[in-house]
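Q: Got a minute to go through this one with me? Let's start at the nucleic acid and then turn to the chains.

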There are 2 protein chains.
Amino acid sequence: MKVSTSTNQSFDPLAGGIFPAACPSRTVLDHVSSKWGVLILVALAQGPQRWSELRRRAQGISEKMLAQTLKTLEGDGFILRDAQPVIPPRVDYSLTSRGSELVALLVPLLEWINVHAEDIVNGQA
Amino acid sequence: MKVSTSTNQSFDPLAGGIFPAACPSRTVLDHVSSKWGVLILVALAQGPQRWSELRRRAQGISEKMLAQTLKTLEGDGFILRDAQPVIPPRVDYSLTSRGSELVALLVPLLEWINVHAEDIVNGQA
DNA sequence: CGGTATCCGCACGGATACTG
DNA sequence: CAGTATCCGTGCGGATACCG
């Protein structure tokens, strides 16, 4: 069987990629699909937001995890940190263009989950 | 506010959903975005596969995690387990229609990650 | 082949206190 | 307001052994 890059119904878009244990794709996937990563990313889909807004949105997140998640996502170039040197401090987080690309793919997924979640956890078909 | 399916830059497709701490959406999201959940799901996008095939594909997964992930995904109705009472045993896993819907949203995400992963981990724009 | 059972380390992540 | 530092528990997940 040959690997096709065309639109095949038995698609293999992951050739050379996702499945090896220590590949870059896995690293990024782990960042994105981390417990809070997705939530922060889609939260930022609604536009730039401050630390405290993100904390309120992603209900249940701790300060530590918020800081850690934001740093990881910033390190990956998905979000931008804009710290204004004022008192009291004001820091805005926003999506980079790369982040926006990613979020554009994330949002349909979250929408789908949001629609079907209840049926799924209730064990309904 | 109404939910728009068009390309809106300030979309809010998550109303009433994802952000509360103990909502069904979070549960499902955690299952799907678990370390191995995504991998198993997209692996099954290539068609029904046996236990050992999945184990080989999702490189690095342990037997325990494979079993656990498969059960969770089966419980959510994403995959189907077909155990044939033969010796030696043969068990095939496949996507349900619900699973296929989900995977259809997952694949573009994984493709994107696969394409951009190297730049991201190398810190390139 | 396709699992289950058990043990166990470690890092993921929460709570609290403190700082610029 | 926006974090950092520290402590610490839990459970995620790997390794191994065993079973139908």
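**DNA contacts and symmetry**

A: Start with a base contact: in this predicted model, an N or O atom in the side chain of E63(A) is 3.1 Å from a base oxygen of DNA strand D.

Q: And which side chain has an N or O atom 2.8 Å from a phosphate oxygen of DNA strand D?
A: That is R50(A). K71(A) also reaches a phosphate oxygen of DNA strand D, with a polar side-chain atom 3.1 Å away.

Q: Which elements give two or more residues to the surface near DNA strand D?
A: From chain A, α3 (51-57), α4 (63-75) and β3 (90-95). Chain B adds its own α4 (63-75).

Q: Which one gives the largest share?
A: α4(A), with four residues.

Q: Which residues come nearest to DNA strand D?
A: Out of 21 around the strand, they are R50(A), S52(A), R81(A), Y93(A) and K64(B). Of the strand D atoms within 4 Å of the protein, 60% belong to sugar and phosphate.

Q: How does that surface split by class?
A: Nine residues are charged, nine nonpolar and three polar.

Q: New topic. What rotation superposes chain A on chain B?
A: One of 180°, with 0.0 Å of shift along the axis and an RMSD of 0.0 Å. So the two chains are related by a two-fold axis.

Q: Which C-alpha of chain A is nearest the axis?
A: The one of S33(A), at 2.5 Å.

Q: How much of chain A's contact set recurs in chain B?
A: 98% of the contact residues, with the same surface serving both copies.

How values were computed. Residues numbered from 1 in each chain as written. Chains lettered and ligands numbered in written order. Predicted model: local features only at pLDDT ≥ 70, side-chain atom pairs only at ≥ 80, totals over all residues. Heavy atoms only, no water. Near = heavy atom within 4 Å. Polar contact = N/O pair within 3.5 Å; in protein donor to acceptor, adjacent residues only side chain to side chain. Nonpolar A, V, L, I, M, F, W, Y, C, P; charged D, E, K, R; others polar. Least-squares fit on C-alpha atoms with pLDDT ≥ 70 in both. Contact = heavy atoms within 4.5 Å.
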